[in-house]
Amino acid sequence: MPELHQNERLIINQLIDQSVFTSTLQKNMTNRTKEAIHALKRPQVQQRVNTYLRDLVGVLPENYQENLVFLFGRPKLESETVHLLLATLKTVINLPEMQPGASRIVSTQTIVRLVHSEVVALDEREVLRQITHLFVDRFKLFIPDTPEVTEFWDISPDFNYVAQAIVDYLTQQRLAPDLAPVQMVNRALLVQQYVSRTQQPDLFQSLVDHRDTIAAQWQQLQRFDLEVGEDYGLLLDKTRQPVTARAFVVGIAVAQQLGIGLPDNELNQLIRTVAPTIIGKSTVNPTEVKKTLLANSLVEEKDGFYHPTALIKRFDVATENEEDAVHATE
């Protein structure tokens with residue numbers, strides 16, 4: 001695996017976080033990002049980025065005129081989300097506001113209404129939520145015209161190029177790659193953040209066998225640390241925001257009481273029952289607890305059920321010190 005330089009680390013980290021790296025210079029960009037955009041024009045930089053990601057997870061980013069798309073990773077796109085994604089690309093490309101010389105400022109409601117006409121399985125509220133998650137928060141291709149108001153979006157000048165790369169990425173017929181054990185472990189760590197000995201025994205054994213190699217690969221990005229316990233392997237991201245202590249402490253206790261699993265419609269009641277036993281008269285929003293459970297991989301959600309993961313064993317639910325619980329995640 002090649003030694004990464006600062007620009008390559010920035011590009012790869014952005015691909016992991018946002019799934020895209022665009023080549024257009026903008027006023028609000030940092031100098032480091034501008035340097036990375038210029039660096040990406042050099043073949044040796046592209047080669048090091050490609051080689052690192054290939055060796056890490058066996059997947060290369062799609063490159064369209066120095067606009068990179070890397071949709072592999074977390075969160076995985078479900079089929080309905082892919083449908084919405086493609087419908088949004090088609091809708092925006094065909095808008096009058098996207099023609100040469102036009103403003104590129106588009107009404108949020110116009111996009112939502114047109115996408116909803118194609119993705120009829122979702123209501124308009126859910127269409128707006130998913131478009132915001134994908135194009136505003138994740139890809140950074142839609143910028144709210146006024147940060148406090150989402151009535152209009154400024155569309156990135158790279159939108160058409162990135163759209164082409166996304167379509168190519170999603171529509172290409174790819175043969176399943178022949179992955180090495182290290183790549184299979186890294187895929188699991190990238191997608192779900194952890195590997196469980198009980199749920200994924202073969203992957204966990206590969207992690208143990210190749211622990212030093214895997215740790216060294218992730219350390220190249222200067223943001224990840226690999227932690228291996230008796231029953232789990234965990235990829236710790238040093239750039240993540242500290243969790244809210246109260247929601248996290250309650251979340252640990254809830255996860256440890258899920259048994260083999262709990263239906264989604266019963267989770268809020270369990271949170272309300274457990275919370276007073278952990279934080280007394282203090283209050284906590286069940287929605288924040290649910291977000292914390294998923295964000296910290298304490299549970300998995302599948303087919304409408306929440307299941308605990310092996311990571312709950314690394315925390316001592318008996319602690320009543322919220323600050324200790326926060327530090328346990330860092």
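What follows is a short tutorial dialogue on reading the strands, salt bridges and cores of a predicted model.

Q: Let's start with sheets. How do the strands of a sheet pair?

A: In general, strands pair through backbone hydrogen bonds, in either a parallel or an antiparallel way. Here, one open sheet has 3 strands in the order β7-β9-β8, and the pairing is antiparallel.

Q: Which strands stand at the edges of that sheet?

A: Those are β7 (194-196) and β8 (224-228). Each has a single partner strand, so one side of each has no neighbour in the sheet. As for twist, neighbouring strands here are turned against each other by 15° on average, ignoring direction.

Q: How many bridges hold β7 and β9 together?

A: There are 3 bridges between β7 and strand β9 (residues 232-237), in the antiparallel sense. To find one of them, look for V195, whose bridge partner in β9 is G233. While you're there, look for helix α10 (residues 211-219), which packs on the sheet and touches β8 and β9. The direction of α10 makes about 160° with that of β8.

Q: And where do the side chains of a strand point?

A: In a regular strand they alternate between the two faces of the sheet.

Q: Now hairpins. Which strands form one, and how many residues lie between them?

A: Try β11 and β12: they form a hairpin with 2 residues between them. Strand β11 (residues 299-302) runs antiparallel to strand β12 (residues 305-308), and 4 bridges join the two. K302 has F305 in β12 as its bridge partner. In the turn, check D303, which has a positive phi of about 55°.

Q: On to charges. How many salt bridges does a search of the whole structure find?

A: It finds 10. A good one to begin with is E126 with R129, where the closest N and O atoms are 2.7 Å apart. Both residues sit in helix α6 (residues 124-138), and because they are 3 residues apart, about one helical turn separates them.

Q: What is the relative accessibility of E126 and R129?

A: E126 is at 23%, so it counts as partly exposed. R129 is partly exposed too, with a relative accessible area of 48%.

Q: Which salt bridge links distant parts of the chain?

A: Take D264 and K290, whose side chains meet at 3.3 Å, N to O. They are 26 residues apart, with D264 in helix α12 (residues 264-279) and K290 in helix α13 (residues 286-295). D264 is partly exposed, at 35% relative accessibility.

Q: What other salt bridge can I look up in α13?

A: Look at K291 and E288, with 3.8 Å from N to O. These two lie 3 residues apart in α13, about one turn of the helix. E288 has a relative accessible area of 37%, so it is partly exposed. Salt bridges can also share partners, and in this way D17, R223 and D237 are joined into one network.

Q: Last topic: the nonpolar cores. Which residues have the most contacts inside the largest one?

A: The largest nonpolar core has 72 residues, and F135, F142, F159 and W218 have the most contacts inside it. F159 is a handy place to explore: leaving out residues up to four places away in sequence, its contacts include L89, V92, I93, M98, F135 and F142. There is also a second, separate core of 23 residues, with L267, L270, Y306 and F315 among them.

Definitions and conventions: Residues are numbered from 1 along each chain as its sequence is written. This is a predicted model: local features need pLDDT of at least 70, side-chain atom pairs count only at pLDDT 80 or more; totals for chains, interfaces and linings use all residues. Side-chain values use heavy atoms; hydrogens and water are left out. Two strands pair if DSSP finds at least two bridges between them. A salt bridge is a side-chain nitrogen of Lys or Arg within 4 Å of a carboxyl oxygen of Asp or Glu. Buried means under 20% relative accessible area, exposed over 50%, partly exposed in between (1.4 Å probe, protein chains only). Axes are lines fitted to C-alpha atoms, for helices over the stretch in contact, and angles run from 0 to 180 degrees between N-to-C directions. Contact means heavy atoms within 4.5 Å. A nonpolar core is a set of buried Ala, Val, Leu, Ile, Met, Phe, Trp, Tyr and Cys residues joined through side-chain atoms within 4.5 Å.
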